[in-house]
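Let's take a walk through this model together, starting with confidence and contacts and ending with charged pairs. Keep the viewer open as you read.

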Amino acid sequence: MHTAMLLFATLNCNAFTVTSQEHVPVGVGFYPDAALFNHACTPNCVATFRGRTLELRALRGIAPGDELTISYAELIASKETRQADLRTSYFFTCTCQRCTGSHHWASTEKYLQSLCCARPGCTGLVTLSLDDSVYVCEACNSSRDDDDLAQLQVTSLLAKADAAEKQKKISEAILLRRQGMRLSQSIYHKYHATNIIGAETLANMITSAENKDADSSDISLALDLYAQAIEALTWLHGDELVPLRGITTLKYAQALRAHEPRRTVEAAAFGKQACAMLTITHGDDSPIVSTAVDFLHDMQRDLLHTVISSSHYRGKYLEQRNLNSSEAKPFRVGGVAMDSTNQTTGSVGSVFLTEAKLRGHEFPTKELAELEPLVSGVSLMSQSTLLLKKRKELREVNDALEFMKEEYAQRVENCAERQREFERKQQEMRDQVSKFEKFIKENDSKRTRAELKAKTEHRSAEQNEVRKKQLVAQYEKDLGQREQLEKKRDQLLKYRTYLDSAVEASEQEYEEIADILNRYATLVDANNDLKVQVQSAESQIDRLRQDLRTFKTEMENNILVQNSEIHGHQQHLEKIRGETFQLDLDRGRDDRTYNDRSRESGQIVLAIKNLYNRCRTSMGGKIPPVTDQSVDAMVYMSNILKVVAERIVDLEYITTSYTPENPADVAMSAKPVKAAVKKPV
């Protein structure tokens, strides 16, 4: 248990929030080397993520020997919020330049948590007075209420908006966040952290692809919010770079290009700024920088189109294009002069290739010299030489094809092996994730029980403390009463002494006094007996309470045993699910094997039928057709193969029995055969 809690605490204090390129949280990761970097509210490095890979980059020049720092907290938040987050999550207090008030941060921190002045036209800061009794404007000294209710309303509206966004209710989330922003801007200063974060978040929601109901007023509001967020981030960080600033600038430029065509130049300027900032924070080869570069290229094309399409520049552009066309020099292709418009200036009777020569590429003169005779009909080789050459080329192609088939089969086998290895590792990862999730769930349940027990003990301690104070007060009260009773007893003892002396002096005259004393003694004995009975009843009640506590403990143990059995059944169920998944994989593999074999058998049958048809065609239909397909398919294919085998035997016999007398007879007999072949065609 101690090891598990130590591991959980280590992960909680050293894990990183994995974000997308647009700084949106997508998960949590543990990076031991990067966890060694210390925190600073003005860091000189930034951690970004490319998939699961963490990348650290310097934000500014760093001198040799300076410490490399990153930020653990939200840099837009105020000092109090950052310090509270660091103490809660990382158990230390930051003492960087920004938190100690050095440099320009002393005045900046006040804006992040100040209210705005309620007086129209006043831009001063509203902060607490020296005695923390009233909010006073530093510029006009006007006071305003605490507005605690309004601040609670802002917090409530933003929380409801976040909940609606998680439920994919974008329209409702935008409406709630707009109400929260309107109220927040009425009470907080424009550079307050809530207004900065809220403006950027609301603008992203309005311009997101999931918001299908955005109209022109919503887009105008989103552009204004982007401008406010960029102004606030520039004011807050100055020359220092943070990822959120570059991302917000790029989104603002994209929104301007999409919805404000008249502000194309302004969009290009913001896109250039975003590209410069993102290159430093994310790297010049990151996907988001590629997006920014593509955006700049699109903007350049849009600007060029705007300039060319304007009436002032269109004539000059067309004139320059015509001038360039008139200066094009003719070139020659296959002995024929051609100009840049592909118009011929000579005869093209024997030209077979009309491709223009491109700048930077040599024209294939040697290849043309070899191909021109063949194409123009001039035969430089005999037919037999050409046939042998083609057969040689065919063998080379077949050998290359076989080699490529073997290489492809080897690659397929390697891919299958990698696929199996990947599936095995994926299954191991699933098992590890499942175990870790179970471990987390068990830790959560144990932590919940521990927190509940701690709360119960804390409440019991508070009750005991209250009871102790009550008992102390009662004890002091009883002491006072005891002193009073002792004084009263001392006074009454005087009367008792007097009465005893009086009784002794006149026992016969006051005989009833003895009866009264005896009755008093009887009452005292009866009172003592009642006290004993009360003490016995209290001890019995304590014993029953002890039995009740014992019974509760036994029931809790039984519940834990039942939970352990349930956990075992769940593990068995997960095992069965894993076996089922493996069986599904085996079945899919068997299906693929069956399909491959069916395809191969179909190809073989088709090849046999093609051979049979070629045999029948070569014999001019003299071979009787095998049409009885009602019998077994194997018998049918065997009959076809017999016919093909007989035809092959006949051809081999004809080939071996034919012996030409001289080559001249072969040449003379070849021509009638060629004519006989061409005649049907």
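Two residues are in contact here when heavy atoms lie within 4.5 Å of each other. With that in hand, look at Thr 248, which touches Glu 200, Tyr 226, Ala 229, Ile 230 and Leu 233, leaving aside residues up to four places away in sequence. Thr 248 belongs to helix H9, residues 243–259. Its relative accessible area is 0%, so Thr 248 is buried.

Before going further, a word on trust: this is a predicted model. The mean pLDDT of the protein is 77, with 78% of its residues reaching 70 or more. Residues 310–381 have a pLDDT below 50, and this stretch has 48 contacts in the model beyond near neighbours in sequence. Residues 669–681 also fall below 50, but that stretch has 0 such contacts. Where pLDDT is low, the predicted coordinates should not be read in detail.

Now turn to strands E4 (residues 45–50) and E5 (residues 53–58). The two run antiparallel and are joined by 6 bridges, with Thr 48 standing opposite Glu 55 in E5. They form a hairpin with 2 residues between them, and Gly 51 in the turn has a positive phi of about 70 degrees. Because 5 of the 6 residues of E4 are buried, this strand is largely enclosed by the rest of the structure.

Next come the charges. Side chains of opposite charge can pair when their charged atoms come close. A search of the whole structure finds 19 salt bridges. One of them joins Glu 231 to Lys 190, with the closest N and O atoms 3.6 Å apart. Glu 231 sits in helix H8 (residues 216–237) and Lys 190 in the loop between helices H6 (170–187) and H7 (193–207), so the pair ties together parts that are 41 residues apart in sequence. Glu 231 is partly exposed at 40%, while Lys 190 counts as exposed at 52% relative accessibility.

Asp 444 and Arg 447 offer a local case, their side chains meeting in a salt bridge at 3.7 Å, N to O. Both lie in helix H14 (residues 383–505), 3 residues apart, about one turn of the helix. Back at the hairpin, Arg 50, Glu 55, Arg 57 and Asp 285 are linked in a network of salt bridges.

Finally, an unreviewed UniProt entry annotates residues 387–432 and 520–554 as "coiled-coil region". Over residues 520–554 the model is 100% helix and 0% strand, and the end C-alpha atoms are 52 Å apart.

Notes:
Residues are numbered from 1 along each chain as its sequence is written. This is a predicted model: local features need pLDDT of at least 70, side-chain atom pairs count only at pLDDT 80 or more; totals for chains, interfaces and linings use all residues. Side-chain values use heavy atoms; hydrogens and water are left out. UniProt positions are given in the numbering used here, feature names are shortened, and annotations may be inferred rather than shown by experiment. Helices (H or I, at least four residues) and strands (E, at least two) are DSSP runs, numbered from the N terminus. pLDDT is the predictor's confidence in each residue, from 0 to 100. Buried means under 20% relative accessible area, exposed over 50%, partly exposed in between (1.4 Å probe, protein chains only). Two strands pair if DSSP finds at least two bridges between them. A salt bridge is a side-chain nitrogen of Lys or Arg within 4 Å of a carboxyl oxygen of Asp or Glu.
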